[in-house]
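Please walk me through the spaces inside this protein and the ligand bound to it. Take the contacts one by one, then the spaces and their linings.

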Amino acid sequence: MEILKGIAVSPGFAIGEAFILGSEESVIPRRFISVDEIDSEFERFHAAVEKAKSDIRDLQEKVKADEIGYEAVPIFDAHIMILADKSLHEEVLNRISKNRFSAEYAVSRSLRKYEKAFSKMGDSYLAQRISDLHDIERRLLRALLGERKEDLKQLNRQVILVAHDLTPSQTASMDREHVIGFATDVGGKTGHTAIIARARELPAVVGLETVSSDVSSGDTLIIDGNRGIIVVNPDEKTLDTYRRLASDFHNFEVSLFSEKDIPSDTTDGRKIRVSANIEFPNEIESVTNMGGDGVGLYRTEFLYVGSETVPDEETHFQAYKQAVAALPDMKVTIRTLDLGADKFFHLERDMGMDDKSLLNEKNPVLGCRAIRYFARHPQLMKAQVRAICRASALGKVNLMLPMICCREEVEKVREVVQREQEALDEEGIDFDPDMPVGIMVEVPSVAITIENYMDLCDFFSIGTNDLTQYTIAVDRTNEHVANLYRPANPAILKLIQNVIKAGEDYGKPVSVCGEMASDPTFTLLLLGMGLKHFSVSPPLIPEVKKLIRSISYPEAQEIAREAAGYKTAREITSFLHNVLRKYQPDWSFN
Ligand code: PEP
Ligand code: MG
């Protein structure tokens with residue numbers, strides 16, 4: 001049994017078989033053999049070694065005949081030497097005879113052990129040899145299993161995915177029936193892969209650094225998405241403990257769910273709105289299913305997933321129409337495209353768009369993202385703005401702009417909105433002329449000078465994911481600096497307070513739609529800072545609502561006052577956890 005610690009990004013527990021998603025997406029089943037099969041598995045292993053050697057020799061001959069690849073010849077010699085290595089043979093044969101592993105599973109376990117040992121030695125020569133070991137493992141497995149491979153789309157049993165990294169689109173398209181959780185080497189809590197995992201209620205731990213080489217396909221895994229732990233090949237006692245925790249967590253969620261439709265008023269009657277962040281049209285039903293009050297953030301870039309062409313105005317319109325029709329009388333805040341950074345930077349390549357601005361940037365998080373991308377592609381902005389304006393005729397639509405860093409950007413987009421509304425008018429197409437237009441506050445320059453935007457914007461939504469990243473100068477997806485990525489940093493709290501206060505002073509609505517609003521740790525603090533609108537991941541709506549119902553506004557204000565007196569994120573978090581234990585004793589599940 002081995003316990004690995006990473007970053008908890010999506011709550012819940014999963015217990016199941018590991019499926020390593022490598023470049024070949026192949027899986028080695030954890031198959032056990034009987035005593036009678038030991039000799040035949042030995043033979044299969046020896047035959048696979050001979051086959052691998054002969055394949056390598058054939059390749060070597062081909063390379064010798066081709067002068068260009070001549071320098072590869074010694075590498076193949078080294079591979080043949082490793083294949084003949086006595087200790088490797090002993091290791092594999094031992095696993096077959098003592099552990100009763102099938103030959104392929106014994107090969108996979110043994111080579112993974114060497115790969116892991118090499119990577120821990122910190123020697124760059126040995127580190128480079130890891131890819132040789134990978135190569136040998138692949139050859140042996142191919143010899144043992146033929147070309148038989150299982151891929152993700154053909155899964156017919158439940159598995160836990162283990163990968164170096166998963167893109168947001170891979171996470172979005174996972175078959176939820178068969179994938180019950182995942183673990184990755186890289187990533188952070190507010191990366192888009194994590195955000196989608198939470199929305200899809202997939203327990204997940206990221207930032208485990210070496211999990212994709214520590215674990216073999218077929219291993220039994222426990223994902224503890226609450227504490228950021230994974231357990232590899234747990235013993236019976238640990239399995240029992242986790243089965244109990246999973247069942248308690250399930251009961252906790254069921255009890256929250258039963259109260260989801262109770263309004264989120266504080267005990268002294270302050271009315272608070274809790275709406276949903278969604279990214280796909282098929283999430284719309286989760287808004288009311290989870291007791292949400294409309295959509296506070298519709299991340300429209302996810303409409304591009306799975307599409308081979310750039311969505312046109314009609315495609316945008318149909319998606320927004322669906323949301324507005326499903327949520328009559330509720331506000332739906334549609335955010336214009338936020339392409340770039342960790343969001344679908346592959347789109348240009350996939351869709352054959354010829355501007356390489358997103359692909360070749362050295363520093364995409366500070367580069368041509370979102371509204372800046374629109375400036376280079378006005379036709380994309382026009383199509384989306386027109387679609388949103390058209391949808392506004394059907395319900396209560398808000399248009400929201402991401403990544404605003406200066407006043408001129410808002411002025412420009414407002415001009416486009418006005419121009420497109422005039423064009424629609426001339427074409428006789430309906431729209432709401434009073435559709436509110438607002439901005440996300442996620443760049444410090446805007447949070448600091450928020451008063452300068454009051455005359456231009458109808459509402460504000462604080463994007464704490466990016467605000468944290470840009471204020472503390474810490475990449476939200478980089479596991480190596482995840483310890484610094486702390487929304488509880490006093491600088492972030494000060495900026496949030498500044499925006500909420502300015503909104504109150506000028507009578508403009510302010511919400512928080514970053515992941516901080518979905519984290520129960522911060523609910524009472526934000527409430528006490530004067531926040532009246534939370535926009536959260538749908539599965540978290542019932543919990544956030546319950547917390548709001550548990551306190552009076554003056555009590556929450558007192559919490560905000562005390563938090564403002566601390567100087568470090570650590571002190572603030574520890575204070576908020578104590579507060580939470582008082583108001584929500586079941587909090588230990590989170
Ligand atoms: C944010 O930055 O907080 C936010 C809500 O936007 P996104 O996570 O899509 O960047
Ligand atoms: Mg953002």
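Start at the ligand. The model is predicted. In it, an N or O atom in the side chain of Arg335 sits 2.9 Å from an oxygen atom of ligand 1. Arg476 also contributes a polar side-chain atom, placed 2.7 Å from an oxygen atom of ligand 1. The backbone takes part as well: a polar backbone atom of Thr464 is 3.1 Å from an oxygen atom of the ligand. Taken alone, ligand 1 exposes 290 Å², and the protein buries 100% of that area.

Now widen the view to the shell. Ligand 1 is surrounded by 17 residues. The closest are Arg299, Glu442, Gly463, Asn465 and Arg476. By class, eight residues of the shell are charged, five are polar and four are nonpolar.

Which space does ligand 1 take? It is the largest cavity. The elements that give two or more residues to the shell around ligand 1 are α7 (192-199), β10 (295-299) and α17 (464-472). The top contributor to this shell is α17, with three residues.

Next, look at the cavity itself. The structure holds two cavities of 30 Å³ or more. The largest cavity encloses about 60 Å³ of space. Its lining counts 14 residues. Arg299, Arg335, Met440, Glu442 and Asn465 lie nearest the centre of this cavity. β10 and α17 are the elements that give two or more residues to its lining. Sorted by class, that lining has seven charged, four polar and three nonpolar residues.

Several names recur here. Arg299, Glu442 and Asn465 are among the closest residues to ligand 1, and these three are also among those nearest the centre of the largest cavity. Arg335, listed near that centre too, is the residue whose side chain has an N or O atom 2.9 Å from a ligand oxygen.

Move on to the second largest cavity. About 30 Å³ of space lies there. Its lining consists of Pro520, Thr521, Thr523, Leu524, Leu525, Leu576, Val579 and Leu580. Six of these residues are nonpolar and two are polar, while none is charged. Which elements supply at least two residues each to this lining? They are α19 and α22. The most comes from α19, with five residues.

Finally, turn to the open space. The largest pocket has a volume of about 1,100 Å³. It is lined by 39 residues. Ile7, Ala8, Lys189, Asp519 and Thr521 are the closest of them to the centre of the pocket. By class, 17 residues of the lining are polar, 13 are nonpolar and nine are charged.

Four elements deserve a look around this pocket. β2 (7-10), α17, α19 (520-528) and α22 (569-583) each supply at least two residues of its lining. The largest share comes from β2, which gives four residues.

Some elements appear at more than one site. α17 supplies residues to the lining of the largest pocket and to the shell around ligand 1. α19 and α22 contribute to the lining of the largest pocket and to that of the second largest cavity. Thr521 is one of the residues that line the second largest cavity, and Thr521 is also among the closest to the centre of the largest pocket.

Definitions and conventions. Residues are numbered from 1 along each chain as its sequence is written. Chains are lettered from A and ligands numbered from 1 in the order in which they are written. This is a predicted model: local features need pLDDT of at least 70, side-chain atom pairs count only at pLDDT 80 or more; totals for chains, interfaces and linings use all residues. Side-chain values use heavy atoms; hydrogens and water are left out. A residue is near a molecule or strand if one of its heavy atoms lies within 4 Å of it. A polar contact is a pair of N or O atoms within 3.5 Å; within protein, one must be able to donate a hydrogen and the other to accept it, and residues adjacent in sequence count only if both atoms are side-chain atoms. Accessible areas come from the Shrake-Rupley method with a 1.4 Å probe; for residues, only the protein chains shown count as cover. On a 1 Å grid over the protein atoms alone, a cavity is a set of points where a 1.4 Å probe fits but cannot get out, and a pocket is an open set with protein on both sides within 12 Å along at least five of seven lines; lining residues have an atom within 4 Å of a point. A molecule sits in a cavity or pocket if more than half of its atoms lie within 2 Å of its grid points. Ala, Val, Leu, Ile, Met, Phe, Trp, Tyr, Cys and Pro count as nonpolar, Asp, Glu, Lys and Arg as charged, and the others, Gly among them, as polar. Grid points are joined across faces, edges and corners, and a volume is the space filled by probe spheres set on the points.
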